[in-house]
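Biologist: Hi! I've just opened this one and could use a friendly tour. Could you walk me through it?

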Amino acid sequence: MGSPHRPPPPTSQSFWRSPLRGPRLTALLGVVLLAGITLLFVTGLLSYAAYNPDLGGGVNDKTPDKGLLGWYLFSWPTRPYWLYRVTQGLHVTVGITLVPVLLAKLWSVIPKLFTLPPARSAGHALERLSLLLLVGGALFEFVTGILNIQLEYLFPGSFYPLHFYGAWVFIGAFAAHVVLRAPRTVRALRERTDPPAAADDTGLVATRPGRPTVTRRGALGLVGAGSLLLFTTTAGQSIGGWWRRTALLAPHGGRDPGSGPNGFQVNKTAATAGIRTRDTGDDWRLTVEGGGRRVRLSRSELLTLPQHGAALPIACVEGWSSGDQQWSGVRLRDLAALVGLDEQPPGVLVESLQLHGAFRRAALRDNQVRDPRTLLALRVGGAELSADHGYPARIVVPAAPGVLHTKWVSRLTFGEW
Ligand SMILES: Nc1nc2c(c(=O)[nH]1)N[C@H]1C(S)=C(S)[C@@H](COP(=O)(O)O)O[C@H]1N2
Ligand SMILES: [Mo]
């Protein structure tokens, strides 16, 4: 026997009492998410293309079984040189900024999660299943993305496949949701106010509303303020330089990289990569292979080759950037010419001294090798590279993700590998 004073269960619409809920609030948050998530998806796809995943041997590809999901891959360009810094900075910054909006949106529809019966019809069952993929997919993508930024590969290596396949599952459910809800959203945005519960066919409006503690405008303001706070404490890591100090939430912002020409962001130190000083001393040689030939060069020999400069940033998938640094060293295409590949040099496999780790080697495409700003850098900001920045030599490539900027290089193989 139900006592009149027992609170209703969450499966009852009268359990949910906030007078803020309603189709208009949900629609407003939904439109912001539609714009934001579309941007996240596009910049995410671009980031994957920027990794050169379809280069021979699958050296760079963390999702070799992607099949048709790689349909859109194209040759990532080398200009403008700040391209990846912008696309990935947007991906990470917008992702973090959207967190309060996503949480508010989920809050605004949470009564629907408990609706009984679980399915009224086959169509309704299908719709609820797609909502499961939608909500689960959104949470999964945000959580894996944020963990990757904050904790430096909590799931080493497997972050990429998780985030990649998760994105496709999520975006499928998201597209279906946008199409199904478009009419309702447009209607809710046209009507200036949310309907009273009696006229509400969305099941969002409280049937027994409690007393408001904040106006709807105030609630939206809180969400916006939360987003703004996250934005201002994150964006600095992508902008770099002085702005890094404002990046309170960006994990790499706090680590002091020291001062001087080498005083900028270090992702992985020589010590953590297991680089021993005796391997980078006078006995170090660079092996250049290709076109059936092989040359070995000491660092002083490399310094007698024509030296070129390029102002380029390191920009990591995690969203941070070093800002433009003045690198100098030998053009990769000049090194290809040393083994006779001076006309239309091919792509290159770059290998480092490092014995273990996912990023000890990387493949660059022919357009990257041919760009005159792609260097085997020996110096930065007029000084020798520091051990942590890749001494004796590291790769820099315009517009490419940080992961392709191999440090402690020991071997270059042009063409087939
Ligand atoms: N040998 C080697 N090179 C490497 C890496 C690595 O782990 N090992 N990390 C890469 C990644 S993911 C990035 S973002 C940049 C970071 O460069 P930095 O530490 O000089 O800022 O170096 C790249 N080069
Ligand atoms: Mo990176």
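**A tour of the pockets and cavities**

Modeller: Happy to! Let's begin with the largest pocket: its lining residues divide into 27 nonpolar, 11 polar and 7 charged. Keep in mind that this is a predicted model.

Biologist: Okay, how much space lies in the largest pocket?

Modeller: The largest pocket holds about 1,200 Å³ of space. It is lined by 45 residues, and the closest to its centre are Val 109, Lys 112, Leu 131, His 177 and Arg 181.

Biologist: Which helices supply its lining?

Modeller: Helix 1, helix 3 (99-113), helix 4 and helix 5 each give at least two residues to the lining of the largest pocket. Helix 5 makes the largest share, with 9 residues.

Biologist: And closed spaces? How many cavities of 30 Å³ or more does the structure hold?

Modeller: There are 3 cavities of 30 Å³ or more. The largest cavity has about 610 Å³ of space. Its lining counts 31 residues, with Leu 40, Gly 44, His 91, Glu 141 and His 163 closest to the centre.

Biologist: How do people find empty space like that in the first place?

Modeller: Rolling a probe the size of a water molecule over the atoms shows where empty space is left.

Biologist: Neat. Which helix brings the largest share of the lining of the largest cavity?

Modeller: Helix 5, with 8 residues. Helix 1 (23-50), helix 2 (83-97), helix 4 (122-151) and helix 5 (159-190) each supply at least two residues of that lining. By class, the lining of the largest cavity has 20 nonpolar, 9 polar and 2 charged residues.

Biologist: Switching topic: where does UniProt list a transmembrane region?

Modeller: The unreviewed UniProt entry lists residues 25-51, 89-110, 131-150 and 162-180 under that name. In the model, residues 25-51 are 96% helix and 0% strand, with the end C-alpha atoms 39 Å apart. Residues 162-180 are 100% helix and 0% strand, and their end C-alpha atoms lie 27 Å apart.

Biologist: What else does that entry list?

Modeller: UniProt also gives "domain: Oxidoreductase molybdopterin-binding" for residues 281-414, again from an unreviewed entry. That stretch is 13% helix and 41% strand, and its end C-alpha atoms are 25 Å apart.

Biologist: I see a ligand too. Which residues are closest to ligand 1?

Modeller: Ligand 1 is surrounded by 18 residues, the closest being Gln 265, Asn 267, Gln 354, Arg 394 and Lys 407.

Biologist: What are some of its contacts?

Modeller: Here are three. A polar backbone atom of Gln 265 is 2.8 Å from an oxygen atom of ligand 1. The side chain of Lys 268 has an N or O atom 3.2 Å from an oxygen atom of the ligand. A nitrogen atom of ligand 1 is 3.5 Å from a polar backbone atom of Phe 359.

Biologist: Which residues lie nearest the centre of the second largest pocket?

Modeller: Those are Asn 267, Lys 268, Phe 359, Gly 402 and Lys 407, out of 23 lining residues. The second largest pocket has about 420 Å³ of space. Its lining divides into 11 nonpolar, 8 polar and 4 charged residues, and it draws at least three residues from each of domain 1 (13-232) and domain 2 (277-414).

Biologist: What about the second largest cavity, what volume does it have?

Modeller: Its volume is about 50 Å³. The residues lining the second largest cavity include Tyr 51, Asn 60, Phe 359 and Arg 361. By class there are 7 nonpolar, 1 polar and 2 charged residues, and domain 1 (13-232) and domain 2 (277-414) each contribute at least three residues to this lining.

Biologist: Last topic: any backbone oddities I should look at?

Modeller: Here is the background: most residues other than glycine have a negative phi, and most peptide bonds are trans. In this model, the peptide bond from Arg 79 to Pro 80 is cis, with omega near -5°, and Pro 80 sits in the loop between helix 1 and helix 2. Tyr 391 and Pro 392 are also joined by a cis peptide bond, with omega about 10°.

Biologist: Where is Pro 392?

Modeller: Pro 392 is in the loop between strand 8 (383-384) and strand 9 (394-396).

Biologist: And what is the phi of Gln 344?

Modeller: Gln 344 has a positive phi of about 45°, although it is not a glycine. You'll find Gln 344 in the loop between helix 9 (332-338) and strand 5 (348-352).

Technical notes
Residues are numbered from 1 along each chain as its sequence is written. Chains are lettered from A and ligands numbered from 1 in the order in which they are written. This is a predicted model: local features need pLDDT of at least 70, side-chain atom pairs count only at pLDDT 80 or more; totals for chains, interfaces and linings use all residues. Side-chain values use heavy atoms; hydrogens and water are left out. UniProt positions are given in the numbering used here, feature names are shortened, and annotations may be inferred rather than shown by experiment. Helices (H or I, at least four residues) and strands (E, at least two) are DSSP runs, numbered from the N terminus. On a 1 Å grid over the protein atoms alone, a cavity is a set of points where a 1.4 Å probe fits but cannot get out, and a pocket is an open set with protein on both sides within 12 Å along at least five of seven lines; lining residues have an atom within 4 Å of a point. Grid points are joined across faces, edges and corners, and a volume is the space filled by probe spheres set on the points. Ala, Val, Leu, Ile, Met, Phe, Trp, Tyr, Cys and Pro count as nonpolar, Asp, Glu, Lys and Arg as charged, and the others, Gly among them, as polar. Domain bounds come from an automatic or database domain assignment. A residue is near a molecule or strand if one of its heavy atoms lies within 4 Å of it. A polar contact is a pair of N or O atoms within 3.5 Å; within protein, one must be able to donate a hydrogen and the other to accept it, and residues adjacent in sequence count only if both atoms are side-chain atoms.
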